[in-house]
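Please read the following explanation with the sequence and the three-dimensional view side by side, and find each element on the display as it is named.

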Amino acid sequence: FPSHDMLHNMPKDFKIPICIAQHMPPIFTAALAKRLEIVSNLKAKEASHNEILQAGHIYVAPGDYHMVLKKSADKIHIELNQMPQRNSVRPAADYLFESAAHCFPGRTAAIVLTGMGEDGLGGCRKLKESKNAVLIQDKATCVVFGMPGAVYAEKLYDFMGTTSTIREQIIKMGQ
């Protein structure tokens, strides 16, 4: 998975939470979270409903659940729901990105990696409206350039590169 490459051997003092909406069935999202914890040096888990985001942790949306970020007082917590599929998928990156734009205006980044369809495009629009960064995987390294290609076509990205160069950008943001 591209997320393995991007999050491999992260600095132990990484300061920002990472939320992942991967189009996978339920059993596989828990396995992905376990694998990310092994390769990343960070705490990683399948997200839980009403869980508070913590710096340096990775949260994977459970299969068949959308992950949305909600602000309450000075904390950001995760809401899991089964609202209708969006772009024919659940979890959908669009819901996650739109909620991140609301919770972290000017203080977050979205990363769109290889995948079919246009999931993430609507969320990237909201992120750019609220002055956030968008990073996309380049066509040469994508298995399918659909999702990043949709963002690319609308010029809604700030950086395009390989998973390795995106990783470098993530590390800079989390220091």
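What follows is a walk through a predicted model, from its sheets to its cores, its pocket and a few backbone details.

A convenient place to begin is the open sheet of 3 strands in the order β1-β3-β2, whose strands pair in parallel. The edges of this sheet are formed by β1 and by β2 (43-46), each of which pairs on one side only, and the twist from one strand to the next averages 15°. Between β1 and strand β3 (residues 57-60), which run parallel, there are 3 bridges, and in β3 the residue Tyr59 is the bridge partner of Cys19. Across β1, β2 and β3 lies helix α2 (residues 26-40), which runs at about 180° to β2.

Another open sheet of 3 strands has the order β6-β7-β8, again with parallel pairing. Because β6 (109-112) and β8 (159-161) stand at its edges with a single partner strand each, one side of each is left without a neighbour in the sheet. Here the twist averages 15° from one strand to the next. Strand β7 (residues 133-137) pairs with β8 in the parallel sense over 3 bridges, and the bridge partner that Gln137 finds in β8 is Gly161. Helix α5 (residues 146-153) packs on this sheet, where it touches β6, β7 and β8, and its direction makes about 130° with that of β7. Helix α4 (residues 121-129), for its part, lies across β6 and β7 and runs at about 145° to β7.

With the sheets and their helices in place, the interior can be considered. The largest nonpolar core has 27 residues, and those with the most contacts inside it are Met67, Leu69, Ile78, Phe97 and Val151. At least two residues of this core come from each of β4 (66-72), β5 (75-81), α3 (93-103), β6, α4, β7 and α5, while the element that gives the most is α3, with 6 residues. Apart from this core lies another, of 20 residues, which includes Met6, Met10, Leu135 and Ile171.

How much of α3 is buried? This helix is mostly covered, since 9 of its 11 residues are classed as buried, and their relative accessible area is therefore under 20%. The buried residues of α3 are Ala93, Asp94, Tyr95, Leu96, Phe97, Ser99, Ala100, Ala101 and Cys103, and they pack against β1, β4, β5, β6 and α4. For Phe97, the residues touched, not counting those up to four places away in sequence, are Ala110, Ile111, Val112, Gly120, Gly123, Cys124 and Leu127.

Glu98 is also found in helix α3, but with a relative accessible area of 22% this residue is partly exposed. Leaving aside neighbours within four places in sequence, Glu98 is in contact with Arg86, Gly122, Gly123 and Lys126. The C-alpha atom of Glu98 is separated by 18 Å from that of Ile52, a residue 46 residues apart from Glu98 along the chain.

Attention can now turn to the empty space in the model. The largest pocket has a volume of about 1000 Å³, and of the 37 residues that line this pocket, the closest to its centre are Cys19, Ile20, Phe97, Ala110 and Ile111. The elements that give two or more residues to the lining are α1 (2-7), β1 (18-20), α3, β6 and α6 (163-173). Phe97 thus appears both among the residues with the most contacts inside the largest core and among those closest to the centre of the largest pocket.

Some backbone details remain, and they are best read against a general background: most residues other than glycine have a negative phi, and most peptide bonds are trans. Which residues does a cis peptide bond join? The bond lies between Arg90 and Pro91, with omega at about 10°, and Pro91 is placed in the loop between β5 and α3. Ser88 lies in the loop between β5 and α3 and has a positive phi of about 65° although it is not a glycine; with a relative accessible area of 64%, Ser88 is exposed. Asp64, which is not a glycine either, has a positive phi of about 70°. The place of Asp64 is in the loop between β3 and β4, and at 29% relative accessibility this residue counts as partly exposed.

Notes
Residues numbered from 1 in each chain as written. Predicted model: local features only at pLDDT ≥ 70, side-chain atom pairs only at ≥ 80, totals over all residues. Heavy atoms only, no water. Pairing = 2+ DSSP bridges. Helix = DSSP H or I, 4+ residues; strand = E, 2+ residues; numbered from the N terminus. Axes fitted to C-alpha atoms, helices over the stretch in contact; angles between N-to-C directions. Contact = heavy atoms within 4.5 Å. Core = buried A, V, L, I, M, F, W, Y, C linked by side-chain atoms within 4.5 Å. Buried < 20%, exposed > 50% of the residue type's maximum accessible area, 1.4 Å probe, protein only. 1 Å grid on protein atoms, 1.4 Å probe; cavity = no way out; pocket = protein on both sides within 12 Å on 5 of 7 lines; lining within 4 Å. Points joined across faces, edges and corners; volume = space filled by probe spheres on them.
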